[in-house]
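Colleague: I am new to this structure and would be glad of a close look at one part of it, namely the aromatic rings. Please take me through them step by step, and then place them beside whatever else helps me find my way.

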Amino acid sequence: MCKVSVIVPIYNTEEFLPRCLNSLISQTLKDIEIICINDGSTDNSLSVLKDFAQKDSRIRIINQENAKQGTARNKGIKSATGEFITFVDSDDWVDKNYLEKLYNVAVKNSVNLAVASTTRDYPHRVKPHIIFDKEEIVTGANNIVKALKNHLEPHGKLYRFENIKNLFYPQEVFYEDAPYVLQAIINEKSMITVPDAHYHYFSNEHSTIKQNSGIKNENDKIEMNLLLLKIAKVNNIDLGDFPVLKERHFLRTVKHYLDHKDYYLFGIKIRTKRIRFNSEKTFVVFNTSYFGDVLLCDSLIQNIKHAFPDSRIIFVVNKGFQDVAKYSDRVDEVVVFDTKDRHKGFLGLLRFIKDFKYKDVFASIITYNNARNYLAAKLIKSRFIKMGTLDKSVIQCQIKHNRLLRDLTNRNIKNFPIKYNVPQEVENPVKEPKYIALCTTSKKLEKDMPLNTAVELINKINQNTDYKVVLVGNGDAASNYAKNLKSKGCDFIDLINQTTIVQLAKILKDSKCLISIDTGTMHLGYAVGAPVVCVFYIKEMIPFWAPDENLYKVKVLSAPDTDEIFKEATTLCGK
């Protein structure tokens, strides 16, 4: 164990990093460790770190993919071994005796938190931020917060590690500092102010948070401020009149509080309006496309819930696919856009808007370029509208949908596996205990499985396994295909045009394996957890429509012969 662990998160600060590290390795307190977390820097920051680590063995380097400062600091906390810990940003620096003064004063007075004076250093001037001129012991979280004048920044403070070793920063967001510091103050319980010890906060115009301004940062700030207020309320801490959000305009400012808004003109408050702050965000996802594509929106919906846990998601789909959307993993409500009847044409669009009960929504996400859906999003007064394109590029459809959320959040967008929750009360019309589901037709003839391949495959399954074949599909083409198979003497259970979407999901879930050329059916198969052999006869479709073999129990085949399909299907059946 050392006396102090110094945690330094680093992202693209090669210009300022030497100044920071020089101020740390030259500290008069020698028994320290300097934990540097390189947060996926793309400049020469890592080279600078390595050069300093060669000169000073107290420097430890941890590398991670870019995951923002909270994640970097958490890795530092998990690696720390010090009696105390402190945080220093990589573009800041501290006085030469900074750590020694804070440590000695904390130990001498048996307090858990030592706080230094802080200055804001600009390129051509220095501005005092919070200055202490005497040692003063303060106890109790409420009194500590008042003594700090609500300055809840992590820097400029030395924390007794034992009390906060299991306390971690919120991750994947900016403005994560204040909730962490408030909870640390609650845990530490006692504080001492230390005069003549200074932390120099450098106002870097190229810092990550200033380069990533806009709605993403505003959302993070609101989320973290709400978390801060929640922590304060639970622990009976008075933060005073604390705004959740400040809107700055050219001549006026609006401050949003939990229960009211204050309006300022030229810095003078002109009125107060009593209105509760609405932290719930309503998202409307429009996908009035096909069966399989509606399923692929589930990953996008999970990302919305991941980025905005308190959000409400309204899923707008074509009438025929409401049962696809209804049992998606995180949807709050499904709304039908009935383009063939009630909502047909322009008058039908106006009728849809009249029926739609959600207005002034936070965001509408339209998965494909669709003028009708865009106009609907405008008419329901969406604050933000994000619309995809019809371009079938090499990006997976599922990933392309997910990326529509990127402009609204700083959280990492993840490729969540899609899920479809089959209702427990749904009965399986197939009474066979062991069967393989087979889908051989789609909307386009060129995608279909050649008839001879299907004949050979069914016969091979019947002759070499104890599985029955259940043929699934929909439409006249599928019905004619089944007739042709029967004329060839094939033995199978024919469920063409005999199942609802929910029944089909139950059949696929209970199957030992699904073999499908239809993308919608294959998506439904792996969404319910079935092993799936995904057969493509048009190679160009694979990058866009094929599932990720790392996410699901699937095998993707390009124009395979019968033996290849049989081999992969029986292999998946055995897993």
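Modeller: Let us begin with Phe352, which is buried, because its relative accessible area is 2% and the cut-off for that word is under 20%. Please keep in mind that the model is predicted. Phe356 is likewise described as buried, its relative accessible area being 3%. A search of the whole structure finds 18 aromatic pairs. Phe352 and Phe356 make a pair whose ring centres lie 5.5 Å apart and whose planes meet at 35°, so this pair counts as tilted. Phe356 also pairs with Tyr358, and here the arrangement is edge-to-face, with 5.9 Å from centre to centre and 65° between the planes. Tyr358 is buried too, with a relative accessible area of 15%. In general, a pair of aromatic rings is described by two values, the distance of the centres and the angle of the planes.

Elsewhere in the chain, Phe87, Tyr159, Tyr169 and Tyr180 are joined into a cluster by ring pairs. Some rings also have a charged side chain over the face: Lys281 lies over Phe362, at 5.2 Å from the ring centre, and Lys443 takes up such a position over Tyr290, at 5.1 Å from the ring centre.

To help you find your way, it is worth turning from the rings to a helix and a sheet. Helix α4 covers residues 98-108, and its buried residues are Tyr98, Leu99, Leu102, Tyr103, Val105 and Ala106, so that two tyrosines, Tyr98 and Tyr103, are included in that list. After α4 comes Ser110, a residue with a positive phi, near 55°.

The sheet is an open one made of six strands, which run in the order β22-β21-β20-β23-β24-β25 with parallel pairing. At its edges are β22 (493-494) and β25 (554-558), each of which pairs on one side only. Within the sheet, strand β20 (residues 435-439) and strand β21 (residues 468-471) pair in the parallel sense over four bridges, and an aromatic residue appears here as well, since Tyr435 stands opposite Lys468 in β21. Strands of a sheet pair, in general, through backbone hydrogen bonds.

Note on methods. Residues numbered from 1 in each chain as written. Predicted model: local features only at pLDDT ≥ 70, side-chain atom pairs only at ≥ 80, totals over all residues. Heavy atoms only, no water. Buried < 20%, exposed > 50% of the residue type's maximum accessible area, 1.4 Å probe, protein only. Pairing = 2+ DSSP bridges. Phe/Tyr/Trp six-rings, centres within 6.5 Å; stacked < 30°, edge-to-face > 60°. Lys NZ or Arg CZ within 6 Å of the ring centre and 35° of its normal.
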